[in-house]
Structure formats: structure tokens, C-alpha cells
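This report describes the structure of one protein for a reader who is new to the subject. Please keep the sequence and the three-dimensional view at hand while reading.

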Amino acid sequence: MLVLVAPGQGAQTPGFLTPWLELPGAADRLAAWSDAIGLDLVHYGTKADADDIRDTAVAQPLLVAAGLLSAAALGRTVPGAVAGHSVGEFTAAVFAGVLDDTAALKLVRARGLAMADAAAIAPTGMSALLGGDPEVTVPHLEKLGLTPANVNGAGQIVAAGTLEQLAALEADKPEGVRRVVPLKVAGAFHTHHMAPAVAALERAAQEVTPAEPAVAYVSNKDGQTVATGAEVLARLVGQVANPVRWDLCMETFQALGATALIEVCPGGTLTGIAKRALPGVATVALKTPDDLDAARTLVAEHTAV
């Protein structure tokens with residue numbers, strides 16, 4: 001059984017879309033999406049520097065567009081389940097048939113702008129903790145006033161809060177944590193700091209009519225599959241201020257019988273976690289078009305006929 005997943009913010013790097021635009025039809029597709037959302041995705045995916053694409057309002061639609069572009073290049077794929085990390089859930093909603101490309105990108109554009117506005121209220125950020133036991137780490141974070149915003153499994157938790165709280169974490173690591181790595185994001189996402197963005201996204205979501213999921217859609221909120229399009233949309237709105245439980249998503253992949261996992265562009269982060277947390281599950285990360293053949297082989301070998 002094949003799982004198709006999409007990464008979240010922080011996976012982008014300068015110029016990462018350049019090789020993808022050499023594929024037939026890719027530049028036209030990206031240009032059409034750019035017109036639809038009023039953002040030059042071609043420029044940001046090929047020529048913009050790291051600071052430009054770190055901007056939340058840019059990064060989020062750019063990542064969703066990259067995921068959709070690489071999935072289109074992969075060709076017809078019928079996964080057994082789909083999921084996305086944070087903003088990658090919008091990409092996954094398209095894979096599940098709940099949203100079309102344009103609706104997803106318009107919503108993500110609204111999400112990114114709203115989250116950027118919320119992040120500007122106070123200096124906040126996120127840091128990844130490598131190693132440690134969640135039962136020890138989570139209470140330590142809460143003692144410092146931080147939120148375990150991403151519980152990713154395989155020994156990785158991402159803390160979020162004010163820059164002062166994150167500095168205190170650097171000076172006072174939880175027992176067993178090897179390193180604290182600041183992430184290239186502009187705010188404390190998936191925490192109470194993002195509450196103002198939820199209201200803005202709720203308004204934007206009122207313009208969308210979701211379809212029912214065609215495949216199992218696994219939600220970040222609790223790792224459960226979601227049965228209706230309306231509930232998928234509601235969760236997409238609420239997850240802006242809720243922690244990401246990727247660890248629970250992976251438990252569901254196992255329960256569903258996953259044998260392979262493909263991470264769409266810019267792949268690498270989620271396949272890295274899967275290699276540690278899902279032993280025996282074959283993985284391919286779509287980083288450049290050179291990875292498409294390996295991904296197509298995986299599709300052929302792990303998709304039920």
C-alpha cells in the first residue's frame with residue numbers, strides 16, 4: 001500500500017523549482033497558478049533568495065505548488081492514503097480530491113498572509129529538538145512556556161514560542177536532547193500565537209465547496225482518517241493553531257498496511273523521518289525530476305491493481 005505525503009514549511013531552498021520547470025507544461029501550469037493567486041511562483045521558485053522564500057506568505061503557496069507540480073509529473077497515481085505535514089495538508093487535500101488545485105492555492109495564499117500577520121504581532125519562532133524522550137521533553141517545554149508544536153516521531157519534537165523562550169531552551173535543554181536547531185520559519189506556527197490567522201482562514205474557507213475524499217486522508221490533528229470533505233476543510237482551518245502530530249499519522253500509515261511512501265517536492269524531510277520510524281517501508285523523496293523514475297517504480301510495485 002502506497003502513501004503519498006507532502007512536506008511543510010522549511011523544506012524550500014533557493015532555486016528548487018528550476019529543474020521542474022524544464023518538464024513539458026510545467027512552466028505554463030505554474031504561471032496559471034501565479035495569475036490565480038497574485039504571486040509570481042516562477043520567480044520565487046527559481047530566482048528568489050533564501051530570505052525571500054522564508055516569508056510565510058510566499059513559502060506556503062510555493063510549497064503547495066511544488067508538491068502539485070511534482071505529483072503531476074509523476075503521472076497517474078492511486079495511493080492508499082495521503083497526508084501532509086502542516087501546510088502540506090493542503091497539497092494532500094488535492095491528492096484526496098477534496099480541493100482542486102486553484103482552490104487549494106487560493107486558500108493557502110490566504111493562510112500564508114494571515115499567518116504572516118499573526119507572526120508580526122510578536123517575535124516568535126520554532127526550534128527542532130533532536131533526541132530525547134517525549135515524556136521528559138514535553139513537560140520541560142511547557143515549564144519554559146513553549147508549545148510542542150510538531151511531534152514528528154523518531155525522536156524529533158519541534159518547540160514553538162517567543163524568541164526569549166527559545167533562547168531559554170538553548171540554555172536549558174531537556175535531558176537526553178542532543179541538539180536544538182532553529183528552523184527557517186517566521187513565527188510560532190501551530191500554537192496560540194496563530195489564533196488570529198484561524199479567523200481569517202475561516203472567512204476564506206467559506207468560499208470553498210469541498211468534495212468527498214476519494215482516498216484515505218490522514219489528519220495532522222490526531223492521525224485519524226477523515227471521512228468527509230467538510231471535516232477535512234474544517235481541520236485545515238483549525239490546524240493553523242493546533243500542534244502537528246506527525247507521529248500519530250505514521251502510526252496510522254502502519255495500521256493501514258503501508259509498504260511504500262513517496263514524498264513530493266521538495267522531498268526529504270518526511271522520508272528521513274519515515275526511514276527511522278517506519279522500518280521496512282520503502283521510500284522515495286522527489287527532490288528533482290531525476291527522482292521520478294524511482295518513484296514510478298515504487299508506484300508500480302506498491303499500488304493494488
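The protein has 13 helices and 10 strands. The model discussed here is a predicted one.

**Overall form**

The chain consists of 305 residues, for which a compact globule would have a radius of gyration near 19 Å; the protein has 18 Å, and the two therefore agree. Taken along the principal axes, the box filled by the C-alpha atoms is roughly 50 × 45 × 35 Å. Of the 305 residues, 54% are buried. Among contacts in the protein with a separation of 6 or more, 74% are accounted for by residues 24 or more positions apart. The exposed surface of the protein comes to about 12,300 Å², and 52% of this area is supplied by carbon and sulfur atoms.

**A sheet of four strands**

In general, the strands of a sheet pair through backbone hydrogen bonds, and the pairing is either parallel or antiparallel. In this protein, four strands in the order E4-E5-E3-E6 form an open sheet with antiparallel pairing. Strand E4 (147-153) and strand E6 (177-182) stand at the edges; each has a single partner strand, so one side of each lacks a neighbour in the sheet. From one strand to the next, the twist averages 25°.

Strand E3 (residues 124-131) pairs with strand E5 (residues 156-162) in the antiparallel sense, over seven bridges. One position can be followed by eye: Ser127 has Ala159 in E5 as its bridge partner.

**Salt bridges**

The count of salt bridges comes to five. Three of them are set out below.

| Pair | Closest N to O distance |
|---|---|
| Arg235 and Asp222 | 2.9 Å |
| Arg235 and Glu231 | 2.9 Å |
| Arg296 and Asp293 | 3.5 Å |

In the salt bridge between Arg235 and Asp222, the side chains of the two residues meet. This pair links distant parts of the chain, 13 residues apart: Arg235 lies in helix H10 (residues 229-238), whereas Asp222 lies in the loop between strand E7 (216-218) and strand E8 (225-226). Arg235 has a relative accessible area of 17% and is buried, because the limit for a buried residue is under 20%. Asp222, with a relative accessible area of 27%, is partly exposed.

Arg235 also forms a salt bridge with Glu231. These two residues are four residues apart in helix H10, so about one helical turn separates Arg235 from Glu231. Glu231 counts as partly exposed, at 33% relative accessibility.

The pair Arg296 and Asp293 belongs to helix H13 (residues 292-302); the two are three residues apart there, so they are separated by about one helical turn. Arg296 is partly exposed, with a relative accessible area of 35%. Asp293 has 56% relative accessibility and counts as exposed, because the limit for an exposed residue is over 50%.

Which residues are joined into one network by salt bridges that share partners? The network consists of Asp222, Glu231 and Arg235.

**Two buried residues in helices**

The report closes with a residue from each of two helices.

Ala104 is found in helix H6 (residues 101-119). Its relative accessibility is 0%, so Ala104 counts as buried. Apart from its neighbours within four places in sequence, Ala104 is in contact with Phe90, Val94 and Leu99. Ala104 and Val64 lie 40 residues apart in sequence, while their C-alpha atoms are 8.1 Å apart in space.

Thr252 is part of helix H11 (residues 246-256). Is Thr252 buried or exposed? With a relative accessible area of 13%, Thr252 is buried. When its neighbours within four places in sequence are left aside, Thr252 is in contact with Val218, Gly223, Gln224 and Thr225. One of these contacts, Val218, falls within the range of strand E7 (216-218). Another, Thr225, falls within the range of strand E8 (225-226).

Note on methods:
Residues numbered from 1 in each chain as written. Predicted model: local features only at pLDDT ≥ 70, side-chain atom pairs only at ≥ 80, totals over all residues. Heavy atoms only, no water. Buried < 20%, exposed > 50% of the residue type's maximum accessible area, 1.4 Å probe, protein only. Contact = heavy atoms within 4.5 Å. Pairing = 2+ DSSP bridges. Axes fitted to C-alpha atoms, helices over the stretch in contact; angles between N-to-C directions. Rg over C-alpha atoms; globule rule 2.2 N^0.38 Å. Areas by Shrake-Rupley, 256 points an atom, 1.4 Å probe, with all protein chains shown as cover. Salt bridge = Lys/Arg side-chain N within 4 Å of Asp/Glu carboxyl O.
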